[in-house]
Amino acid sequence: MARSVAAWRQGGPEGLALLDTTWNPPAGDFDRARSALLAADLPALRPRHNHLTDPDRGIQLRFGRDNRWYPYESEPGAEDWWPTGPADPDPVGALTALLAR
């Protein structure tokens, strides 16, 4: 229940939907996001469905159907992802805020 509440606070209905649902967004969104993250000298994230993940660092961005990036954290190497902050239309802003925690 606590995870659902955190997801709702993070992004309302879309944040809650992203908690347990994956989808396959257009490739262009991921290509632009990954390029922007690399240009900003941020960690490279592995794409899968609508997630960009670095499991070794325990960081993840989830791309919502509302075109915003939702930051998630987990213990490194674990698959226990928690919403950790507000969504951002800019993947660089979302990841920068996540890394600053």
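**Exercise 1. R101 and its partner**

Task: Classify R101 as buried or exposed in this predicted model, and find which residue it forms a salt bridge with.

Solution.
1. The relative accessible area of R101 is 61%. The cut-off for exposed is over 50%, so R101 is exposed.
2. The salt-bridge partner of R101 is E73, with the closest N and O atoms 3.2 Å apart.
3. This pair joins distant parts of the chain: R101 sits in the segment after helix 3 (91–99), E73 sits in strand 4, and 28 residues separate them.
4. E73 has a relative accessibility of 26% and therefore counts as partly exposed.

**Exercise 2. Other salt bridges**

Task: State how many salt bridges the model has, and describe the pairs that contain R3 and R68.

Solution.
1. The count is 5 salt bridges.
2. R3 pairs with D80, and their closest N and O atoms are 2.8 Å apart.
3. R3 belongs to helix 1 (residues 2–20) and D80 to the loop between strand 4 and strand 5, so this salt bridge ties together parts that are 77 residues apart in sequence.
4. Both ends are partly exposed: R3 has a relative accessible area of 25%, and D80 has one of 38%.
5. R68 forms a salt bridge with D66, at 2.9 Å from N to O. R68 is partly exposed at 27% relative accessibility, and D66 is partly exposed at 28%.

**Exercise 3. The sheet**

Task: Give the order of the strands in the sheet, and identify which strands stand at its edges.

Solution.
1. The sheet is open, has 5 strands in the order 1-2-3-4-5, and its pairing is antiparallel.
2. The edges are strand 1 and strand 5; each has a single partner strand, so one side of each lacks a neighbour in the sheet.
3. Strand 2 and strand 3 run antiparallel and are joined by 4 bridges. Here D54 has I59 of strand 3 as its bridge partner.
4. Strand 3 and strand 4 are also antiparallel, with 5 bridges. I59 has E73 of strand 4 as its bridge partner. I59 thus appears in a bridge with D54 and in a bridge with E73.
5. Strand 4 pairs with strand 5 (residues 82–83) in the antiparallel sense over 2 bridges, and Y72 stands opposite P83 of strand 5.
6. Strand 4 is mostly covered, since 4 of its 5 residues are buried.

**Exercise 4. Positive phi outside glycine**

Task: For H49 and N67, give the phi value, then locate each residue.

Solution.
1. H49 is a residue other than glycine, and its phi is positive, near 55°. H49 lies in the loop between strand 1 (46–48) and strand 2 (51–54), and is partly exposed at 34% relative accessibility.
2. N67, likewise not a glycine, has a positive phi near 65°. N67 is in the loop between strand 3 (59–63) and strand 4 (69–73).
3. The hairpin of strand 3 and strand 4 has 5 residues between the strands, and N67 takes its positive phi there.
4. The relative accessible area of N67 is 45%, so N67 counts as partly exposed.

**Exercise 5. Helix packing**

Task: Describe how helix 2 packs with helix 3, and state which strands helix 1 and helix 3 lie across.

Solution.
1. The axes of helix 2 (residues 27–39) and helix 3 are 9 Å apart, and the packing angle is about 50°.
2. That angle makes helix 2 oblique to helix 3. Their crossing is right-handed.
3. In the contact between them, A33, A36 and L37 of helix 2 meet P91, V92 and L95 of helix 3.
4. Helix 3 lies across strand 3 and strand 4, and runs at about 150° to strand 3.
5. Helix 1 lies across strand 3, strand 4 and strand 5, and runs at about 155° to strand 4.

**Exercise 6. An aspartate in helix 2**

Task: Decide whether D29 is buried or exposed, and name which residues it touches.

Solution.
1. D29 is in helix 2.
2. Its relative accessible area is 18%. Buried means under 20%, so D29 is buried.
3. Leaving out residues up to four places away in sequence, D29 touches F63 and W69.

How values were computed. Residues numbered from 1 in each chain as written. Predicted model: local features only at pLDDT ≥ 70, side-chain atom pairs only at ≥ 80, totals over all residues. Heavy atoms only, no water. Buried < 20%, exposed > 50% of the residue type's maximum accessible area, 1.4 Å probe, protein only. Pairing = 2+ DSSP bridges. Salt bridge = Lys/Arg side-chain N within 4 Å of Asp/Glu carboxyl O. Axes fitted to C-alpha atoms, helices over the stretch in contact; angles between N-to-C directions. Parallel < 35°, antiparallel > 145°, perpendicular 65-115°, else oblique. Left-handed = near helix turned anticlockwise from the far one by under 90°. Contact = heavy atoms within 4.5 Å.
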